[in-house]
Each structure stands twice: as C-alpha cells, then as structure tokens.
Amino acid sequence: MELRRLTEAIRSSQAPAGVKTRIVAIDGHGGAGKSTLASLLAQQLDAPIIQTDDFASWENPVDWWPELIARALEPLAAGEPARYDPTSWGGEEREPLLIEPSAFVILEGVTASREAFRRYLAYSIWIETPRDLRLKRGLERDGEQARAQWEQWMEEEDRYVERERPADYADCVLSGDEDLWA
C-alpha cells in the first residue's frame with residue numbers, strides 16, 4: 001500500500017468509543033521497518049510518536065505493557081497528556097517525555113497492537129518482514145556484539161506473535177522486505 005493511501009485510510013479511522021485521541025499502532029518484529037514508517041506517518045498526520053522501546057528493555061522485552069497503558073494510553077484516551085520516563089537501554093538516563101493529545105498519536109514498536117492495547121486503537125498496522133532481514137538490520141544498527149540479545153529478543157517476539165496473532169487483527173498488513181515508503 002502506498003503511503004498516500006495508507007494515510008487516507010488512517011485519516012478516515014475513528015477512535016473507539018470513549019477514546020478522545022486516534023491512536024495508530026505500528027507493530028511488527030524488531031528490524032521490520034516500524035520506525036521508518038512511523039516517522040513518515042508522523043509527518044503526514046502531524047502526530048507525535050510513542051515508542052514501545054521507551055517502556056521495554058533488554059531484560060523485559062514484552063511484559064512492560066501495564067505501564068504504557070497507565071502512563072500513555074489511558075491519559076490520551078481521556079484527552080490528557082501522556083507523561084513517562086523512557087528506558088535508557090543501558091545508556092544515559094533520558095529526560096521524561098510529555099506527549100500532548102492531538103488528532104493522532106502513533107504508537108510504534110514491538111507489541112504496539114497487543115490485545116491489551118486494542119481497545120485504545122483507531123488503526124493498526126502489522127509489518128511482516130523475513131527473520132534473516134530483521135536480524136541483519138538489527139545487527140547493522142546495534143553491532144555484532146548484540147547478536148545474543150537479538151536472538152533472545154526474537155524468541156520473545158515469536159512467543160508474542162504466536163500467542164496474540166497481531167496480523168490477524170491489523171487493519172493493514174505491509175511487507176517490510178521492500179522499501180515501500182521511500
């Protein structure tokens with residue numbers, strides 16, 4: 001799907017009942033191309049981005065979700081700002097983040113369309129990308145020394161996909177093995 005058509009589909013989406021902000025989930029495995037698409041859609045929709053990586057960590061790749069609901073999704077659903085301290089990923093501590101409610105907010109990252117989030121989502125995108133390409137992209141970004149972490153992370157992601165089948169619930173499934181959004 002080309003970016004223009006995807007943007008139109010998102011613009012025509014409706015927030016779920018009781019949710020004041022249209023939250024757009026961009027989900028897929030690590031290295032699938034989610035961040036690239038999120039940046040492009042953020043420009044098209046004039047939307048801030050919440051990254052699941054701001055809540056996840058190497059030690060806790062998928063079970064951090066209650067904090068994202070409490071600190072981001074619930075406030076935005078009520079028309080209030082989201083406030084949270086992003087994960088440092090072993091680096092320097094990062095400044096707290098404030099995301100103001102707007103017409104659209106993009107929720108980008110692994111497990112962004114998990115079942116616990118679906119009641120907040122106006123639109124959901126799943127990016128399907130071959131495993132070898134995802135690993136290649138991840139190691140290019142994080143270095144070969146991160147291979148063991150990537151392999152462990154990928155196993156956690158596989159369990160998430162097997163358990164929750166996010167592609168089955170997505171409004172749109174895209175292939176991440178091509179540069180579709182260039």
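How many helices and how many strands make up the secondary structure of this chain? The answer is six helices and seven strands, and the model you are looking at is a predicted one. Here is a short tour, starting with the overall build and moving on to two helix pairs.

**Overall build**
- Starting at the N terminus, the elements follow the order α-β-α-β-α-β-β-β-β-α-α-α-β.
- With a radius of gyration of 15 Å, close to the 16 Å that the globule rule gives for 182 residues, the chain is as compact as a globular protein of that length.
- Along the principal axes, the C-alpha atoms occupy a box of roughly 45 × 35 × 30 Å.

**Confidence**
- The chain has a mean pLDDT of 90, with 95% of its residues at 70 or more.
- Strand β5 (residues 104-108) has the highest mean pLDDT among the elements, at 98, while helix α4 (residues 131-142) has the lowest, at 85.
- As a friendly reminder, predicted coordinates should not be read in detail where pLDDT is low.

**Helices α1 and α2**
- Helix α1 (residues 3-11) and helix α2 (residues 34-45) cross at roughly 60°, and their axes come within 11 Å.
- The crossing of α1 past α2 is right-handed.
- On the α1 side, the contact involves L3, L6, T7, I10 and R11, which meet L37, L40, L41, Q44 and L45 of α2.
- Sorted by character, the residues of this contact between α1 and α2 are seven nonpolar, two polar and one charged.

**Helices α4 and α5**
- What about α4, the element with the lowest mean pLDDT? Helix α4 packs with helix α5 (residues 147-164) at an angle of about 140°, and the two axes lie 10 Å apart.
- The two helices, α4 and α5, are therefore oblique to each other.
- Here, α4 passes α5 in a crossing that is right-handed.
- From α4, the residues R131, R134, L135, G138, L139, R141 and D142 make contact with R147, W150, M154, E155, E157 and D158 of α5.
- The contact of α4 with α5 comprises eight charged residues, four nonpolar and one polar.

Definitions and conventions: Residues are numbered from 1 along each chain as its sequence is written. This is a predicted model: local features need pLDDT of at least 70, side-chain atom pairs count only at pLDDT 80 or more; totals for chains, interfaces and linings use all residues. Side-chain values use heavy atoms; hydrogens and water are left out. pLDDT is the predictor's confidence in each residue, from 0 to 100. Helices (H or I, at least four residues) and strands (E, at least two) are DSSP runs, numbered from the N terminus. Axes are lines fitted to C-alpha atoms, for helices over the stretch in contact, and angles run from 0 to 180 degrees between N-to-C directions. Angles under 35 degrees count as roughly parallel, over 145 as roughly antiparallel, 65 to 115 as roughly perpendicular and the rest as oblique. A crossing is left-handed if the near helix is turned anticlockwise from the far one by less than a right angle, and right-handed if clockwise. Contact means heavy atoms within 4.5 Å. Ala, Val, Leu, Ile, Met, Phe, Trp, Tyr, Cys and Pro count as nonpolar, Asp, Glu, Lys and Arg as charged, and the others, Gly among them, as polar. The radius of gyration is taken over C-alpha atoms; the globule rule is 2.2 Å times the number of residues to the power 0.38.
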